[in-house]
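Subject: Structure handover

Hello,

Here is the structure for you to work with. My notes on what turned up follow directly below it.

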Amino acid sequence: MRWWEWVLVAMAVVLAAVAVYDVTQKQRAIPRVFPVVGHLRFLLEAIGPELRQYIVTDNDHERPFSRDQRRWIYASAKRENTYFGFGTDNDLEHTPGYLIVKQSTFPLREPRVGEPSYDDRNALPCAKVLGGPRGRTHAFRMRSVVNISSMSYGSLSSAAVEALNAGARIDGCLQGSGEGSVTKYHDRGGDLVWQIGTGYFGCRDHAGNFSLPRFLDTIGTHDKIRAVEIKLSQGAKPGLGGVLPGEKVTKEIAAIRGVQAGVDCISPSTHSAFHDADSLLDFVELLASETGLPVGIKSAVGDDTFFRELAHLMADGTRGVDWLTIDGGEGGTGAAPLAFSDHVALPFKIGFARVYGIFADAGVTDRLVFIGGGRLGLPQRALLAFALGADGINVGREAMLSIGCIQAQRCHTGRCPTGVTTNSPWRMRGLDPELKSVRVAHYLEQLRKEILELSRACGQPHPALVGPEHLEVIDENFGSRGLAHVFGYQPGWGMPGPDATAAIRLLMADGGRLAAAALPPMPGAAGTEAAGNGAPARASSGTGRTDDPEPTADPEPTA
């Protein structure tokens, strides 16, 4: 053989070895699904900063998540360096709507490693008790103000659902089931919020209407369901109903949902179990009385007449929802018409502030928990949500990014290259649930950590205590306005009541050691499992769970 033939043989052997390694390793999804050629992505990613100085885009112009934002999420999930060098590359003074956090001259000191008050889990429990004001039998305090948004099996792959549920178990947070019902892939130890949409999947009769016996049967079958969420609409396609393209409706998904395989699964645009705010409250109280679980609603914001009626009906205290999730129009979806995802429903900041003001005027903000959704899985965005009055946030696409999503935006095709939103066995094999569950837990913990750091920079021990006065918004004329002025907030709006404030100050005292006690231990190495999910066992009746640990003292508020 000539020398160049030996070179070709050697190259072929090397490529074959790389291919074998790629398809057997589990660390990276792209090479596992696309051996050898998948490495080109990492090469281009490595030299991307240099190339982008001359072609394509900069670090901040990609949507829905910029390159900088995705890099921060990826680094957080892998526990790599999340710092950025050389200062900001944002144009602060010429970007209308740019958010500024007003740090305190005397911020709270951050506990250091080795100190008794140091909390390596950065615990951030909710200031309010979910279901507490309505006296639900299984009311509880959410152990984390950051939870995983509802995303259905079918919209996500089975491997992705498993990874997110196991990650919720490791982190100690909640995972929303999505309106596609609770499945066996949600049974990896994570606590669940069962979402019920207009299709009533998991609780429907043969005609597609709500069935109370089926509802109770599902509750009794899945002992990790801690709360029930009624989905009125979501930010990405409000007024349309859920859509699962036929390419993603497998025989298994069709059996779970009670629909035909291979045909678009389209949920109705409105509910058949109720028709207005008054009948909705009757439905909420029915579900709560039958199970003892907290029951809330999720909605995007368009016409605010419904919210005014709901707040008015809740004012007398006889009926009420336990929480309200406001989803911004910028929220994500697996499939939606472009006009709906681009132009229907108010964005989160405007919609949430409008709804919060309605409930504040009615004097009922302390009777329910406010949850925000819509690209809030970044520290500064999350802090703004808390300043507007949110008691917690849900993260969806950010959680997807943490388990390998590369923002290919092929969710609706069934050809997701990383196995996150596809049911293709070949593509899905690139997503290892055991490894990715740890990565999503790392991301959630890092997000809490940086939210907590921003809160302490403002002089507060918890983000719920950060008010509108702590943030300003830059305008186009080298000026800025406080958050209260921008959104028309009255004094005291956006803050929890005295009882919730006292409770959260106690939980966060001494660096949050009492709050941290409720969280499960984080795995010491990638791929290992937590010793337990850190939550009390469910009641033997199968209708709910006992409360999480609460403060045992009645503290005076402290600084």
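Q407 sits in the loop between α14 (397–402) and α15 (425–428). This is a predicted model, so please read everything below in that light. Q407 is not a glycine, yet its phi is positive, at about 60°. Its relative accessible area is 15%. The cut-off for buried is under 20%, so Q407 counts as buried.

A345 also has a positive phi without being a glycine; the value is near 85°. Its place is the loop between α11 (338–343) and α12 (348–362). A345 has a relative accessible area of 23% and is therefore partly exposed.

Now the overall picture. The protein has 559 residues, and 55% of them count as buried. Its secondary structure comes to 19 helices and 13 strands. Take the contacts between residues at least 6 apart in sequence: 71% of these join residues at least 24 apart.

**Cysteines**

How many disulfides does the structure hold? Zero. C416 is an example of a cysteine in no disulfide: the nearest cysteine sulfur belongs to C405 and is 6.4 Å away. A disulfide needs the two sulfur atoms within 2.5 Å, so the C416 and C405 pair does not qualify. C416 is buried, at 7% relative accessibility. C173 is buried as well, at 2%.

**Salt bridges**

Side chains of opposite charge can pair when their charged atoms come close. The structure holds 21 salt bridges. Here are some of them.

- R109 and E115 meet at 2.5 Å, N to O. R109 is exposed, with 58% relative accessibility. E115 is partly exposed, with 25%.
- D391 and K128 meet at 3.1 Å, N to O. D391 lies in the loop between α13 (379–387) and β11 (392–395), and K128 in the loop between β1 (99–101) and β2 (146–148), so this salt bridge ties together parts 263 residues apart in sequence. D391 is buried, at 3% relative accessible area. K128 is buried too, at 10% relative accessibility.
- R448 and D171 meet at 2.8 Å, N to O. This pair links distant parts of the chain, with R448 in helix α16 (residues 433–457) and D171 in helix α6 (residues 158–171), 277 residues apart. Are these two residues buried or exposed? R448 is buried, with a relative accessible area of 0%. D171 is buried, also at 0% relative accessibility.

There is a network as well: salt bridges link R134, R136, E285 and D322.

**Helices α6 and α16**

The R448 and D171 salt bridge leads to the helices that carry these residues. Two packed helices are described by the angle between their axes and the distance between the axes. For α6 and α16, the axes come within 7 Å and cross at roughly 50°. The two helices are therefore oblique to each other. Their crossing is right-handed.

Which residues make the contact? From α6 they are A159, E162, A163, L164, A166, G167, I170 and D171. From α16 they are P433, K436, S437, V438, V440, A441, L444, E445 and R448. Both partners of the salt bridge, R448 and D171, are thus on the contact list.

**Strand β3**

L174 is in strand β3 (residues 174–176). It is buried, with a relative accessible area of 7%. Leaving aside residues up to four places away in sequence, L174 touches F140, M142, N147, I148, A168, D191, V193 and R226. L174 and S150 are 24 residues apart in sequence; their C-alpha atoms are 9.8 Å apart in space.

**Where to look in the viewer**

Three places to open, in brief:

- The loop with Q407, for a positive phi in a buried residue that is not a glycine.
- The α6 and α16 crossing, together with the salt bridge between R448 and D171.
- The salt bridge between D391 and K128, which joins two loops.

Best wishes

Conventions. Residues are numbered from 1 along each chain as its sequence is written. This is a predicted model: local features need pLDDT of at least 70, side-chain atom pairs count only at pLDDT 80 or more; totals for chains, interfaces and linings use all residues. Side-chain values use heavy atoms; hydrogens and water are left out. Buried means under 20% relative accessible area, exposed over 50%, partly exposed in between (1.4 Å probe, protein chains only). A salt bridge is a side-chain nitrogen of Lys or Arg within 4 Å of a carboxyl oxygen of Asp or Glu. Helices (H or I, at least four residues) and strands (E, at least two) are DSSP runs, numbered from the N terminus. Axes are lines fitted to C-alpha atoms, for helices over the stretch in contact, and angles run from 0 to 180 degrees between N-to-C directions. Angles under 35 degrees count as roughly parallel, over 145 as roughly antiparallel, 65 to 115 as roughly perpendicular and the rest as oblique. A crossing is left-handed if the near helix is turned anticlockwise from the far one by less than a right angle, and right-handed if clockwise. Contact means heavy atoms within 4.5 Å.
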